Amino acid sequence: MKEVVVIGIGNPLLSDDRAGIVIVEDLEKEGLLAQFEILYTVGFELLDKILGYKKAIIVDACMLGQKIGDILEVKVEDIFASSKLVNSHAMHIGTSLKLGFELYPDLMPKEVKIFLIEVENIEEFSKNFTPEVKKAVEEVKQRIKQELCL
């Protein structure tokens, strides 16, 4: 099995929704020891990217009614245990992962960590984050770097 894959999910054209993509692009430029992938949708594409890895780190934007810029660090089991995650991409991520664990238990990562950033603006076409999301993006990059050094 390969070691670690880091996946950023989002729309590269929409202000805060692009947070996961920017994080992965920035980390990849640093030459860290991991495979870096970008997804624009969640579904079977997610399984294609994580099968065969020991660890997967997934980053996405969410709108769960938290404070803008809040960072939620969740595991697969948290997604189905918390009703507050139902209205985010996390449910789609969780559904894809659950299916993967049922269909390909030997190929799925033993550890999956999901970082969700509460965002404000997912409708405006812009290359600029809202200030709170920009700060959260930097924080998540640091957390992932720490994960990769463990």
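## Overall layout

Helices and strands here are DSSP runs, numbered from the N terminus. With that in hand, this predicted model reads β-α-β-α-β-β-α-α-β-α from the N terminus on. That comes to 5 helices and 5 strands in the protein chain. The radius of gyration is 14 Å, close to the 15 Å that the globule rule gives for 150 residues, so the chain is as compact as a globular protein of that length.

Taken along the principal axes, the C-alpha atoms fill a box of roughly 40 × 35 × 25 Å. Sequence-distant pairs make up much of the contact list: among contacts between residues at least 6 apart in sequence, 76% join residues at least 24 apart.

## Inside and outside

How much of the protein chain is buried? Of its 150 residues, 49% count as buried. As for the outside, the chain exposes about 7,800 Å², and carbon and sulfur atoms supply 52% of that.

## Two nonpolar cores

The largest nonpolar core has 22 residues, and the ones touching the most other members are Ile-7, Leu-46, Ile-50, Ile-58, Leu-97 and Ile-114. Quite a few elements chip in: β1, α2 (44–50), β3, β4, α3 (76–81), α4 (89–103) and β5 each supply at least two residues. Which of them gives the most? That's β3, with 4 residues.

Take Ile-114 as a way into this core. Leaving aside residues up to four places away in sequence, Ile-114 touches Ile-58, Leu-72, Glu-73, Val-74, Ile-79, Ile-93 and Leu-97. Apart from this core lies another, of 21 residues, including Phe-115, Ile-117, Phe-129 and Ala-136.

## Helix α5, one face in and one face out

Now for α5, which covers residues 131–149. At 1.5 Å a residue, its 19 residues should span 27 Å, and the end C-alpha atoms sit 28 Å apart, which agrees. Its buried residues are Val-133, Ala-136, Val-137, Val-140, Lys-141, Ile-144, Glu-147 and Leu-148. Seen down the helix axis, these fall within an arc of 145°, so they line one face of α5. The spacing makes sense: an α-helix has 3.6 residues a turn, so residues three or four places apart point the same way.

What covers that buried set? The cover includes the strands β1 (2–9), β2 (35–39), β3 (53–62), β4 (71–74) and β5 (111–118), along with helix α1 (19–29). On the other side of α5, Pro-131, Lys-135, Gln-146 and Cys-149 are exposed.

Key. Residues numbered from 1 in each chain as written. Predicted model: local features only at pLDDT ≥ 70, side-chain atom pairs only at ≥ 80, totals over all residues. Heavy atoms only, no water. Expected span 1.5 Å × (residues − 1). Buried < 20%, exposed > 50% of the residue type's maximum accessible area, 1.4 Å probe, protein only. Arc of directions from axis to C-beta. Contact = heavy atoms within 4.5 Å. Rg over C-alpha atoms; globule rule 2.2 N^0.38 Å. Areas by Shrake-Rupley, 256 points an atom, 1.4 Å probe, with all protein chains shown as cover. Core = buried A, V, L, I, M, F, W, Y, C linked by side-chain atoms within 4.5 Å.
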